[in-house]
Amino acid sequence: MKIGVIGTGYVGLPTGVGFAELGNSIICCDKMIEKVEQLNAGKITLYEEGLEELFNKNINKNIVFTTSLEKCVKESDIIIIAVGTPPHPITKEADMKYIFAAAEEIASSLTEYKLIAIKSTVPVGTGDQVEAIIKEKTNVSFDLISLPEFLREGFAVRDFFHPDRVICGTNNEKCKEVIRELYKPISDNILFTNRRSSELIKYASNAFLSIKIHYINEIANLCEEVGADISEVANGIGMDKRIGDKFLVAGPGYGGSCFPKDTNAIAYIARENKIDLSLVEAAIKGNNNRVKDMAQKIIKKIKNVKDPTLAVLGLAFKGGTDDCRQSPAIDIIQEVIHCFENFNKKINIICYDPKAMPQAKTLIGDKVKFADDMYSVAENADVLTILTEWSDFKELDLSKLKMKQKNIVDLRNILDGKKAKEKGFDYTCIGKII
Ligand code: UGA
């Protein structure tokens, strides 16, 4: 099939490359000229496990990139909208300017029938709005469906080829047939719903997972007070199939470009509709507060040290990605800096992340230093904190650390705390006292 993908971010690029790998002909469009030039020159623009190989295999064969949305529309039968819907800075509702701009441009480029699919995460009713925008500009026929994305960053390639389910919002039989055909090589587990249900399924799924994480984080707080161990508790809870063992890993709070944005967006939709989504509101509040609590775990260790040095392992919002958007790691670092400023004290912070340092530099590059590897980062540090669960960090050989003080604050619970203690470290983690 000929598919046009609008947007080449963490959703658009894996989707385009994935469909290309399945033998479709893909044309991806992005407004950023340098990005398109880089992609057409065969250089991938984001890190995602396994994506680069598939990209290299398909570039300039099954997939090309353009800045012309018109070309993208004209050369495709299916158009997938995968542009961002960032939160509004004040109301936190999803900002729809990129979606509506894409709709306007698609309308001006339509010369024959197209199937248009919205893959971006959008408020309920967006399909109706986009349909209206296009209809106002053109008489050319088209169908508009909702096709939400459920890829996880870091696992996008795996999730693309092995989805739990495909959700498609349309009542149109012709569209259903096209989507069945498109997904045939990877899934026959397609749930067709009406367009609004499909739009809400995406928000409700992300909000549910956020609540689950918030819940296990609160249980971890309780574990610390009552002498229980969060790993054992989460294991025990997760063995109940009704609850499930996924998304029960306590940590520094959920981050990334999806959960914080989507919980706020669904809460906004509920308030607008005078519906009480108190669980979502509690997760948002609890997750925001968690940054301060996590920062305090670190500060406690160095508050009384003169000119302390904090070593940080991990900057991405989770392992397996270079993405630092809404990363708890970045927020915790900023909070530590803020607290030391309030104490009128200096703190030196030095960070290492295997993939996320270029992105982190644009966010906190003026406030912290960066190291070349996970051992040099800890040299002469008063405390070492782990903020992202990279698998490399699990292999950390503690005997190679040349720290000034042997303090570890492991906010991802990835080290063996007992071994760390045996080696003379003061070891703090989440949801258990070792
Ligand atoms: C999430 C959803 O999992 C995807 O299904 C969805 O497609 C995507 O949002 C999206 O809306 O596009 P993603 O943001 O890539 O995917 O990352 P997750 O793996 O879901 O993790 C989100 C955050 O929760 C991370 O900060 C992670 O560290 C945290 N988390 C996750 C926990 O603290 N504990 C867990 O047990 C799981």
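Helices and strands are DSSP runs, numbered from the N terminus, with at least four residues in a helix and at least two in a strand. With those names in hand, we can take our first stop: lysine 92 sits in the loop between strand S4 (78-81) and helix H5 (97-109). Keep in mind as we go that this is a predicted model.

What is the phi of lysine 92 near? It is near 70°, a positive value in a residue other than glycine. As for its surroundings, lysine 92 has a relative accessible area of 35%, so it counts as partly exposed. You can find another lysine with a positive phi further along the chain: for lysine 274, phi is near 55°, and this residue too is something other than glycine. Look for lysine 274 in the loop between helix H11 (259-272) and H12. Is lysine 274 buried or exposed? Its relative accessible area is 74%, and residues over 50% are called exposed, so lysine 274 belongs to that group.

Now let us go back towards the start of the chain and look at some strands. Strand S1 (residues 2-6) pairs with S2 in the parallel sense, and 5 bridges link the two. Within this pair, isoleucine 6 faces cysteine 29 of S2. How does the chain get from S1 to S2? It passes through helix H1 (residues 12-21), making a β-α-β crossover that is right-handed. Strand S2 itself covers residues 25-29 and is mostly covered, with 4 of its 5 residues buried. S2 is also joined to strand S3 (residues 63-66), by 4 bridges, and these two strands run parallel. Here we meet cysteine 29 again, because a bridge partner is what we are looking for on S3 too: cysteine 29 stands opposite threonine 66.

Between helix H2 (33-40) and helix H3 (51-58) there is a loop, and leucine 46 lies in it. Why does leucine 46 count as buried? Its relative accessibility is 9%, and buried means under 20%, so leucine 46 qualifies. Leucine 46 also shows how chain positions that are far apart in sequence can be placed in space: lysine 355 is 309 residues away along the chain, yet the C-alpha atoms of the two are separated by 9.8 Å.

Moving on past lysine 355, we reach helix H14 (residues 357-364). Its buried residues are Met357, Ala360 and Ile364. These three cover an arc of only 55° around the axis, so they lie on the same side of H14. On the face turned away from that buried side, you will find the exposed residues Pro358 and Thr362.

Next comes an open sheet. It is formed by 6 strands in the order S11-S10-S9-S12-S13-S14, with parallel pairing. Which strands stand at the edges? They are S11 (369-370) and S14, and each has a single partner strand, so one side of each is left without a neighbour in the sheet. Further inside the order, strand S12 (residues 383-386) and strand S13 (residues 407-410) run parallel and are joined by 3 bridges. Leucine 384 stands opposite isoleucine 408 of S13 in this pair.

The edge strand S14 leads us to a pocket. The second largest pocket has a volume of about 260 Å³. Its lining is made of 13 residues, and those nearest its centre are Lys297, Lys300, Lys301, Thr428 and Ile433. Two elements give two or more residues to this lining, namely helix H12 (278-302) and strand S14 (426-428). H12 gives the most, with 4 residues. Sorted by class, the lining holds 7 charged, 4 nonpolar and 2 polar residues.

Our last stop is an enclosed space. How many cavities of 30 Å³ or more are there? The count comes to 1. The largest cavity holds about 30 Å³ of space. Its lining consists of Ile118, Ser120, Thr121, Val122, Ser146, Pro148, Ser198, Glu199 and Lys202. Helix H9 (residues 195-226) supplies the largest share of these, 3 residues. By class, this lining divides into 4 polar, 3 nonpolar and 2 charged residues.

How values were computed
Residues numbered from 1 in each chain as written. Predicted model: local features only at pLDDT ≥ 70, side-chain atom pairs only at ≥ 80, totals over all residues. Heavy atoms only, no water. 1 Å grid on protein atoms, 1.4 Å probe; cavity = no way out; pocket = protein on both sides within 12 Å on 5 of 7 lines; lining within 4 Å. Points joined across faces, edges and corners; volume = space filled by probe spheres on them. Nonpolar A, V, L, I, M, F, W, Y, C, P; charged D, E, K, R; others polar. Buried < 20%, exposed > 50% of the residue type's maximum accessible area, 1.4 Å probe, protein only. Right-handed = clockwise from strand over helix to strand, strands pointing away. Arc of directions from axis to C-beta.
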